Structure formats: structure tokens, C-alpha cells
Amino acid sequence: MMSLGNSLFQARKKSGMSQEEVAEKLGVSRQTISKWELDETLPDICQSKKLSTLYRLTLDELIDFDPDLKEIERVIENTSEEKQKSIDWTKMWGKKYPVLTTYHQTVRTEDYSAPLRELLDRLKHEYGYNDMDAMLVLKDILGRLWNAK
């Protein structure tokens with residue numbers, strides 16, 4: 001996990017501001033900003049709130065700021081539904097997880113299709129989810145099972 005100082009540094013850099021600019025906007029010295037970013041001191045809660053507003057982040061996001069994660073989130077949010085439908089997600093994720101492009105050669109998917117279809121149908125009927133929402137809920141349930149082991 002990144003330190004708060006490093007999170008502050010990364011958030012400031014991502015915002016394109018200098019320490020001097022941030023200091024001026026907050027009414028503190030540039031040295032204060034430097035000390036926060038070097039973990040020599042911590043901003044108080046009021047200054048932390050001002051920093052989160054300045055960097056357009058929630059306090060939670062500011063504390064755990066990850067520029068790569070923010071960039072991924074930005075790309076996802078700005079990708080149109082039409083473009084998302086044209087992406088071969090299995091191929092894309094298969095670059096990182098090759099099993100996604102090869103399992104169908106060895107796994108008898110038809111053995112799993114009927115039980116999974118039943119689960120999807122239950123989610124749709126019992127909770128009124130559409131197809132996509134039911135699939136996402138099932139995916140999330142599987143993810144939680146995976147993380148619980």
C-alpha cells in the first residue's frame with residue numbers, strides 16, 4: 001500500500017499542479033506541501049478535504065490514490081457502449097490469462113451451461129434483473145467465493 005505522502009504526490013502530479021500552486025490554493029507554504037508528500041507531517045482533516053476537492057477525489061480515493069487505477073477507471077467510464085460491444089473481451093483478457101482462450105478445447109462447457117442458466121434465470125425472476133445485471137451478479141458471487149478461499 002502506498003503511503004499517504006506518495007498518494008498526495010501522485011494526485012498532485014496527476015492534476016498537473018506544482019507544490020507552489022497547491023500551497024497557494026490552500027493558503028499554506030510550499031514546504032508544508034513538501035512535508036506532507038514526504039510523510040514528514042500529515043495534513044489535518046480540513047486540509048485533507050481541501051486537497052481532495054482540489055484533486056477532484058474523495059477522501060478515500062485520495063488516501064489510496066493509484067494513478068494507474070484512476071486511468072483505467074477513466075478509460076472505462078469514457079468508453080461508449082457501442083465500442084464496448086465491439087471489443088472481444090475474451091481475447092483481450094486472454095492476453096493476461098491465456099486459459100480464457102484455450103479452456104473451451106478441454107472443458108465440456110455444456111456440462112456447466114444448464115446449471116449456470118438456471119442460476120441466471122433465478123436471479124432474473126426472483127430479483128427482476130435483466131440479462132446483463134443477472135450475469136454481473138453471478139460473476140460477482142463467483143468473485144466473492146474466489147476471494148473467500
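# Exercises on a predicted helical model

Of the 13 residues that make up the largest nonpolar core, those touching the most other members are Val22, Leu51, Tyr55 and Leu62. The structure is a predicted model, and the exercises below work outward from this core.

## Exercise 1: the core and its sources

Determine which helices each supply at least two residues of the largest nonpolar core, and which one gives the largest share.

Solution. Begin with the core of 13 residues, in which Val22, Leu51, Tyr55 and Leu62 touch the most other members. Tracing its members back to the helices shows that helix 1 (4-15), helix 2 (19-26) and helix 3 (30-37) each contribute at least two residues. The largest share, 3 residues, comes from helix 2. As background, nonpolar side chains in soluble globular proteins tend to be buried together.

## Exercise 2: Tyr55 and Arg12

Find what Tyr55 and Arg12 are in contact with once neighbours within four places in sequence are left aside, and decide whether Arg12 is buried or exposed.

Solution. First take Tyr55, which, with those sequence neighbours left aside, is in contact with Leu8, Ala11, Arg12, Ser15, Met17, Val22 and Leu62. Next locate Arg12, which has its place in helix 1. Its relative accessibility is 4%, and because buried means under 20%, Arg12 counts as buried. Finally, with sequence neighbours within four places again left aside, the contacts of Arg12 are Met17, Ser18, Gln19, Val22, Ile33, Glu37 and Tyr55.

## Exercise 3: the two sides of helix 4

Establish which residues of helix 4 (residues 45-54) are buried, how they are arranged about the helix axis, and what covers them.

Solution. The buried residues in helix 4 are Gln47, Ser48, Leu51 and Ser52. Viewed down the axis of helix 4, these buried residues fall within an arc of 140°, so they line one face of the helix. An α-helix has 3.6 residues a turn, so residues three or four places apart point the same way. Cys46 and Thr53, on the other side of helix 4, are exposed. The cover over the buried residues includes helix 1, helix 2, helix 3 and helix 5 (59-63).

## Exercise 4: helix 10 against helix 11

Describe the crossing of helix 10 (residues 110-127) and helix 11 (residues 131-148), including its handedness and the classes of residue in the contact.

Solution. The two axes come within 9 Å and cross at roughly 115°, and helix 10 passes helix 11 in a right-handed crossing. On the side of helix 10, the contact is made by Leu116, Leu119, Leu120, Leu123 and Lys124, while helix 11 brings Asp131, Ala134, Met135, Val137 and Leu138. Sorted by class, the contact has 8 nonpolar residues, no polar residues and 2 charged residues.

## Exercise 5: positive phi and a distant pair

Locate Asp39 and Arg56, state their exposure, and give the separation of the C-alpha atoms of Thr102 and Asp44.

Solution. Asp39 has a phi near 60°, a positive value in a residue other than glycine. It lies in the loop between helix 3 and helix 4 and, with a relative accessible area of 37%, is partly exposed. Arg56 also has a phi near 60°, positive in a residue other than glycine; it lies in the loop between helix 4 and helix 5 and is exposed, at a relative accessible area of 76%. Thr102, for its part, is in helix 9 (residues 99-102) and is partly exposed at 36%. Its C-alpha atom is separated by 53 Å from that of Asp44, the two residues being 58 residues apart along the chain.

Terms used
Residues are numbered from 1 along each chain as its sequence is written. This is a predicted model: local features need pLDDT of at least 70, side-chain atom pairs count only at pLDDT 80 or more; totals for chains, interfaces and linings use all residues. Side-chain values use heavy atoms; hydrogens and water are left out. A nonpolar core is a set of buried Ala, Val, Leu, Ile, Met, Phe, Trp, Tyr and Cys residues joined through side-chain atoms within 4.5 Å. Buried means under 20% relative accessible area, exposed over 50%, partly exposed in between (1.4 Å probe, protein chains only). Helices (H or I, at least four residues) and strands (E, at least two) are DSSP runs, numbered from the N terminus. Contact means heavy atoms within 4.5 Å. Axes are lines fitted to C-alpha atoms, for helices over the stretch in contact, and angles run from 0 to 180 degrees between N-to-C directions. A crossing is left-handed if the near helix is turned anticlockwise from the far one by less than a right angle, and right-handed if clockwise. Ala, Val, Leu, Ile, Met, Phe, Trp, Tyr, Cys and Pro count as nonpolar, Asp, Glu, Lys and Arg as charged, and the others, Gly among them, as polar. The arc is that of the directions from the helix axis to the C-beta atoms.
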